[in-house]
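Student: Hi, have you got a few minutes to go through a model with me? I'd like to ask some quick questions as we go.
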Amino acid sequence: MNRFSDVELAGLPCRIVDLPAVAGPRLARLPWLHRVLLENLLRCARDGDAARDEVSRWLDGAPGDAEIPFHPGRVLMHDTTCGPALVDLAACRSAFAEAGGDPASLNPVLRVDVSTDHSLAVDVFGRADAPARNMEAEFRRNGERYRFMKWAANTMANLHVHPPGTGIMHTINLERLARVVTTELREGVRWAVPDTLIGTDSHTPMINGIGVLAWGVGGLEAESVMLGMPVTMRIPEVVGVRLTGRLPDGVLATDLALRVTQLLRTIALSGRFVEFFGPGVSSLSAGERAVVANMAPEYGSSSGFFPIDGTTLAYLAATGRAADHVALVEAYARRTGLWFDPEAEPTYAETLELDLGSIEVCLAGPRRPQDLVRAREVRASLAPLRRPDCVPAAAPDAVPDAAVAIAAITSCTNTSDPRLLVAAGLLARKARRLGLKAKPWVKTSMAPGSPAAQRYLQRAGLLEDLEALGFGIVGYGCTTCIGNSGALTPSVQEAMETRGVLPVAILSGNRNFPGRVHPQIEAAFLASPPLTVAYALAGDVDRDILTDPLATTPDGRPVRLAELWPGGAEIDAAMAGAVRAQDFAPAYDAAEASPAWAGLDAPDTALFPWDAASTYIRRPPFAAIDAESRLGRYSATPLLVVGDDVTTDHISPAGAVPATGAAARYLIERGEDPADLNVFSARRGNWEAMVRGLFTNRSVKNLLQPAIPPGSTCHHPSGEVMPLWRAAERYRAEGRPVVIVAGDRYGMGSSRDWAAKGAALLGCRAVLASSFERIHRSNLVNMGILPLCLPPGMAPRDLALQVSDAIVIDARAERLTPRCGIPVIVRWSDGTDVSFTATAAVETRLEA
Ligand code: SF4
């Protein structure tokens, strides 16, 4: 098989993997993302690799269970996932030096880009100096962490840190980092290759919107890739979503993404990839595709891939990529079979149909992103969450029940596509002209993913309109989307406390699990940026926003949404005059030149100078060289039993460290200001603070004793109720192994490696669950914790576990193979027992 060809692409001589020559007519049957994986395998695998033998079977449509190595070209991380990874690397450097090695030789071998976006909070909003004041607080709270990151960038090769204020990682990737096709020199030969990456964030597949294959992995897997290991995977099944038609006028990419999420959650997607194909793809802009691709983890997939076509090229040109590079992308994609054909019908494991013309303006919520609701259904969807004793508002200006407490234009999901921000600006302009205002109790904010947003919104004159309604820019970072929404307005706080009002968040984000957006908010709806502005004008969600009046003009005329909503042609016209290709690079350059970052005084020694008094950066115990295996045959005590849909946010929170609680007490005892304890995501370099926050989300019940406080358990045999970490310490001292038992979709949500590190620090040897979400499963394996799937149909509640029961697990290392059966016996304290075979959720031989 002749794998490689020397060709000229857009005038550039290069070597390529010649997919058409290798596959012949069979290439047309492969999904495009399989073609990218095949290119990677053929380019990177050595002669004699077993995986290469699978190529023929793969091309014949029967890939079986083969494992393939995937060598991504780069790694993307953010400040809260890079923090633990870099702390681990710094600890490994220390351990290596103590063992006599040269610490400076330990570096990432791939390009690693780190965004500094996940910690920015909305402390100040609705005023011109909000971005400056929020950034000031950002550096005040996180200076020590950022000095550590700067140390890493100073001393480690291939590590590039994008300072605070540069934007959100996935937007940076779309607008600045992604090449789509790239070139690299190997032994003096220039190769043209697809741009590929992995990211330590579950929304990494947003870049699939422009034909770059990428997905989210846990921080631990990323660490091994940074150090030169491949991602080992089974050749994934690909589900094809065939798009037809076009979006109706006034329907936006957000509405499409929410509908796709709802549709794909009706099928089993765990471990499978998704690709969009069919004639409808060509009617979507690259920005719209990226919105849909972003929500891949919400629909349960690793990817939402859109192949390369003319729209991709137009996006690259519109964001300032050089013309000769855009020409290279086109020439490469056409030559290698990676160019999209809207008439093509590749062979997918399963195919779904979606008519774009059927999509309506919608929301999702109030507790899960897959729960699509139409505007008329919003009120009813809140019924189970309302307090029956809520005292109604006595005056027209009092905070009503189901008040909009937060209205946030936030998140990479819906702020990376200029069309959505321009649509929000146009709605704000019309509302402003009618004299409408956001209700005074609503916390309004806009935090774009791109620093270029300010330029195009200002040029269109729309920034002023948004500011007039309270939606001025508060900064460039994740803010409300990750839960850094800051305090609610005092009037909402008071209404909650004195009248039992249910506060609701409306955000243009991708997740709305209870407590995700704000610890006191249990109900949140995902919506497009213009709909978010509309709800701020309304002030509550107790209406059909599409048909009922949402506000009244100063002279008493009711205004409905239709009067404000911008049409497609209007948005196009505003975009044409405002969005310029030459804005993007200068906007990023200006943000990168952050004086606050330049002024950080960071060490440049090969070894990081650990500070024993630090409350942010502590040398972690799991970077030890002599860690013991957690496998074997053992009898364990159940430390914690939880139900379905426990997310990584529930396991290890990212938001504010609550002023009361074990983590707060620990920090205050070490001199921290009780009024400014920062967010958990900023504390991930301090395992002692993090372990105290595990499972403390108030919606997580320990089914061993549901009445005890969240984050606690009942120690056996003492019967004392205590925090999980304290009980774990006690069981460890008593030499007693512990396990966690969970329901379906355990570990869904963010890629948060701390959710697995936390379980490791609690001493867990295994987690038994009805099912696991992909990245958390992999993180558990990487921490040496065995994920075990309960037999089909068995749920934690069926086992009726109590702390006095024992779970005997026979997971000896020598018998562990991918997806093997693991004997388990549950011994209840009344002397009875039940035996069953759990399945090791270990996917590859390397993991085993
Ligand atoms: S999804 Fe939200 S938290 Fe994640 S990168 Fe995007 S903005 Fe940040």
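Student: How much area is buried between domain 1 and domain 3?
Tutor: Happy to help, and keep in mind that this is a predicted model. The buried area between domain 1 and domain 3 is about 2,100 Å², and carbon and sulfur atoms give 49% of it.

Student: Which residues of domain 1 lose the most area to domain 3?
Tutor: Those are P84, R141 and L220, which together account for 24% of what the domain 1 side buries.

Student: Okay, and where are the domain bounds along the chain?
Tutor: Domain 1 covers 74–358, domain 2 covers 363–578 and domain 3 covers 621–840. For the contact between domain 1 and domain 3, 29 residues come from domain 1 and 25 residues from domain 3. The C-alpha centres of these two domains are 30 Å apart.

Student: How many salt bridges cross that interface?
Tutor: The rule finds one across the interface of domain 1 and domain 3.

Student: Switching to salt bridges by residue, what does the side chain of D88 meet?
Tutor: D88 forms a salt bridge with the side chain of K757, at 3.3 Å from N to O.

Student: New topic: which residues are around the ligand?
Tutor: The shell is made up of H118, I168, H170, D201, H203, S411, C412, C478, C481, I482, N510 and R516. Sorted by class, that gives five nonpolar, five polar and two charged residues.

Student: Why does the ligand lie between domain 1 and domain 2?
Tutor: Because both domain 1 (74–358) and domain 2 (363–578) give residues to the shell around the ligand.

Student: And what kind of space does the ligand take?
Tutor: The ligand takes up the largest cavity.

Conventions
Residues numbered from 1 in each chain as written. Predicted model: local features only at pLDDT ≥ 70, side-chain atom pairs only at ≥ 80, totals over all residues. Heavy atoms only, no water. Near = heavy atom within 4 Å. 1 Å grid on protein atoms, 1.4 Å probe; cavity = no way out; pocket = protein on both sides within 12 Å on 5 of 7 lines; lining within 4 Å. Sits in = over half its atoms within 2 Å of the grid points. Nonpolar A, V, L, I, M, F, W, Y, C, P; charged D, E, K, R; others polar. Domains from an automatic or database assignment. Contact = heavy atoms within 4.5 Å. Buried area = accessible area lost by both parts, 1.4 Å probe. Salt bridge = Lys/Arg side-chain N within 4 Å of Asp/Glu carboxyl O.
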